[in-house]
Amino acid sequence: MTRTLVIDAHPDSGSLCAALAERYAAGACSAGAQVELLALRDLHFDLDLRRGLRAEQPLEPDLLRAQASLVAADHVVVVAPVWWGSVPAVLKGFLDRTLERGWAYRYRDNGLPQGLLAGRSARVVMTTDSPGWWLRGLMGDSAVRQLRRSTLRFCGLKPVHATRLGPVHGSSAEQRESWLEQLADLGRTDARRAPRADKLMPVVRVPAPDLAA
């Protein structure tokens with residue numbers, strides 16, 4: 001059974017991205033995957049690395065649980081919009097805080113990086129208001145490149161497939177429903193791929209128990 005982690009990285013629960021994440025999760029479930037849907041807007045954590053990488057910044061319980069979900073996953077899906085050629089602040093902050101050096105990646109003695117989440121596959125789903133030819137040809141596909149190459153593959157996940165949907169602005173209800181069906185199909189297809197047996201397993205820290213007020 002494939003264990004799939006779907007990360008909804010839109011701040012708005014009523015967004016198209018939220019609906020796409022839910023439809024992908026439903027498709028994967030229907031194909032037998034064990035699915036966790038993680039909406040970043042529901043997590044409580046500091047978005048900022050207050051001192052960069054110069055000092056340790058303890059992770060909040062929600063981020064410790066997110067790390068445990070990443071370790072358990074065979075396949076990770078990130079659903080997010082393209083904003084200003086990048087991703088929403090909640091996703092950037094989540095990645096900055098959760099993918100810690102020494103946990104998600106490290107540097108070898110020769111200076112080259114090693115991804116410590118190897119053995120997992122991933123998919124990036126990006127919505128955009130701009131035409132695909134504009135994003136790829138003139139803007140360099142910056143958001144997809146950032147997530148696919150500079151983040152997920154850097155941390156060892158591969159292959160990392162990319163799905164681009166748009167333009168959302170001005171799209172019809174029929175077009176949006178078509179995208180939702182496409183995500184359900186992708187969820188079913190990805191769930192049928194056999195999980196790899198060579199996953200690296202970073203240490204999972206147990207979050208402190210939630211105390212009643």
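Here is a short chat about the predicted model shown above.

Colleague: Hi! Where do helix α1 and helix α6 sit in the chain, and how do their axes cross?

Modeller: Helix α1 covers residues 16-30 and helix α6 covers residues 173-191. Their axes come within 7 Å and cross at roughly 35 degrees.

Colleague: Is the crossing of α1 and α6 left-handed or right-handed?

Modeller: The crossing of α1 and α6 is right-handed.

Colleague: Which residues meet there, α1 against α6?

Modeller: On the α1 side they include Leu16, Ala19, Leu20, Arg23 and Tyr24. On the α6 side, Trp179, Leu180, Leu183 and Ala184 are among them.

Colleague: And how do the residues of that contact divide into nonpolar, polar and charged?

Modeller: The contact of α1 with α6 has 11 nonpolar, 3 polar and 6 charged residues.

Colleague: Nice. New topic: how many residues are in the largest nonpolar core, and which have the most contacts inside it?

Modeller: That core holds 38 residues. Leu40, Leu91, Phe94 and Met126 have the most contacts inside it.

Colleague: Which elements give two or more residues to this core?

Modeller: They are strands β1 (3-8), β3 (75-81) and β6 (121-127), together with helices α2 (61-72), α3 (89-98) and α5 (142-153). Helix α2 gives the most, with 5 residues.

Colleague: What does Met126 touch, leaving out residues up to four places away in sequence?

Modeller: Met126 touches Ala80, Pro81, Val82 and Val87, for a start. Ala143, Val144 and Leu147 are also on its list, as are Thr163, Arg164 and Leu165.

Colleague: What about another core, apart from the largest one? How many residues does it have?

Modeller: That other core has 18 residues, among them Ala28, Val125, Leu180 and Ala191. Ala28 and Leu180 also appear in the contact of α1 with α6.

Colleague: Let me ask about cysteines. How many disulfides does a search of the whole structure find?

Modeller: The search finds 0 disulfides. For Cys17, the nearest cysteine sulfur is that of Cys29, 19 Å away. A disulfide would need the two sulfur atoms within 2.5 Å, so Cys17 and Cys29 are not paired.

Colleague: Is Cys17 buried or exposed?

Modeller: Cys17 counts as buried because its relative accessibility is 2%.

Colleague: And what does Cys29 count as?

Modeller: Cys29 has 43% relative accessibility, so it counts as partly exposed.

Colleague: Last one: where is Ala39, and is it buried or exposed?

Modeller: Ala39 lies in strand β2, residues 34-39. Ala39 is buried, with a relative accessible area of 12%.

Colleague: How many Å separate the C-alpha atoms of Ala39 and Cys155?

Modeller: They are separated by 21 Å, with the two residues 116 apart along the chain.

Conventions:
Residues are numbered from 1 along each chain as its sequence is written. This is a predicted model: local features need pLDDT of at least 70, side-chain atom pairs count only at pLDDT 80 or more; totals for chains, interfaces and linings use all residues. Side-chain values use heavy atoms; hydrogens and water are left out. Axes are lines fitted to C-alpha atoms, for helices over the stretch in contact, and angles run from 0 to 180 degrees between N-to-C directions. Helices (H or I, at least four residues) and strands (E, at least two) are DSSP runs, numbered from the N terminus. A crossing is left-handed if the near helix is turned anticlockwise from the far one by less than a right angle, and right-handed if clockwise. Contact means heavy atoms within 4.5 Å. Ala, Val, Leu, Ile, Met, Phe, Trp, Tyr, Cys and Pro count as nonpolar, Asp, Glu, Lys and Arg as charged, and the others, Gly among them, as polar. A nonpolar core is a set of buried Ala, Val, Leu, Ile, Met, Phe, Trp, Tyr and Cys residues joined through side-chain atoms within 4.5 Å. Buried means under 20% relative accessible area, exposed over 50%, partly exposed in between (1.4 Å probe, protein chains only).
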